[in-house]
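Reader: I am new to this structure and should be grateful for a close look at one part of it. Please explain the salt bridges and the residues around them.

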Amino acid sequence: MSNTFPHTFKIEKHINCPQCADTLPLYFKHTKLLQCNSCKSSIFLENDATKLAGDSSVLAPEVSILTLNRAFFYDHKSYLPLGKIRYSYGRGFWEEWWVKDIQNNEYWLSIDEGDLVLQQKTQMHYDNNIVEHLSLGDVLNNEWIVTEVGTATCEGYEGALPKHIAIGSSYKYVHLSGKNAKLLTLEYAQNIIEGYEGKWISPFDIGSIH
């Protein structure tokens with residue numbers, strides 16, 4: 001499959017691991033958590049300072065259509081995977097990849113047993129009392145129907161992330177389906193609700209960039 005659109009992602013800066021001193025590239029200036037490629041230490045970044053985050057993460061390898069720091073294209077746009085988080089949810093696990101496009105817009109690409117959904121964080125406010133009591137089949141705002149409710153637990157991560165996340169931490173989530181393969185995910189922990197909206201996509205529409 002050929003493509004003619006630009007797909008060059010520049011490195012914003014380099015930092016040194018405070019544990020082993022290896023040089024690590026940063027592709028996104030808003031990175032907050034980074035795993036060292038060499039010693040697997042977790043590094044917390046704040047105000048241009050680096051320090052060890054206190055835990056490390058080593059994930060068992062899984063076959064994936066994505067590779068960290070290797071661009072891919074979808075729907076005439078190129079994206080760069082910066083990091084991934086693996087979550088368990090009772091009957092299995094899924095992986096959430098933090099990706100950015102060439103304009104530095106941020107997305108999350110979730111992969112669960114071959115099913116893919118590409119989402120962006122929404123700025124909408126969601127009422128805690130309503131979200132916490134949603135159950136299967138409920139309808140939200142006359143647009144979304146609840147199709148899954150569960151709890152996700154972080155098993156580990158690799159690469160870079162836009163926020164600090166602790167291994168073993170959990171949050172509750174609600175998946176709501178809309179028309180035209182749209183999906184709204186509401187995540188809530190410690191009385192904070194975040195929404196992510198996007199759509200299901202086919203893995204056959206993901207192309208690699210060489």
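Author: The following account treats the salt bridges first and then a loop residue.

This is a predicted model, in which local features need pLDDT of at least 70 and side-chain atom pairs count only at pLDDT 80 or more, while totals for chains, interfaces and linings use all residues. Residues are numbered from 1 along each chain as its sequence is written, and side-chain values use heavy atoms, with hydrogens and water left out.

Side chains of opposite charge can pair when their charged atoms come close. A salt bridge is defined here as a side-chain nitrogen of Lys or Arg within 4 Å of a carboxyl oxygen of Asp or Glu. Across the whole structure, eight salt bridges are found.

One of them joins the side chains of Glu-158 and Lys-84, with an N to O distance of 3.9 Å. This pair links distant parts of the chain, 74 residues apart: Glu-158 belongs to strand S12, and Lys-84 to strand S7 (residues 77–88). Helices (H or I, at least four residues) and strands (E, at least two) are DSSP runs, numbered from the N terminus. For accessibility, buried means under 20% relative accessible area, exposed over 50%, and partly exposed in between (1.4 Å probe, protein chains only). Lys-84 is buried because its relative accessible area is 7%, whereas Glu-158 counts as partly exposed because its value is 21%. Both residues belong to a network of salt bridges that also includes Arg-86 and Glu-95.

A further salt bridge connects Arg-91 with Glu-148, whose closest N and O atoms are 3.5 Å apart. Here too distant parts of the chain are linked, 57 residues apart: Arg-91 is in the loop between S7 and strand S8 (93–101), and Glu-148 is in strand S12. Arg-91 counts as exposed, since its relative accessibility is 62%.

Lys-121 and Glu-194 also form a salt bridge, their closest N and O atoms being 3.2 Å apart. Because Lys-121 lies in strand S10 (residues 115–121) and Glu-194 in strand S15 (residues 192–201), the pair ties together parts 73 residues apart in sequence. Lys-121 is partly exposed at 46% relative accessible area, and Glu-194 is partly exposed at 23%.

Glu-194 also touches Lys-163, a residue in the loop between strand S12 (144–161) and strand S13 (170–177). Contact means heavy atoms within 4.5 Å. Residues up to four places away in sequence aside, Lys-163 also touches Lys-32, Leu-33 and Tyr-196. The C-alpha atoms of Lys-163 and Thr-31 are separated by 7.2 Å, although these residues are 132 residues apart along the chain. Lys-163 counts as partly exposed because its relative accessibility is 30%.
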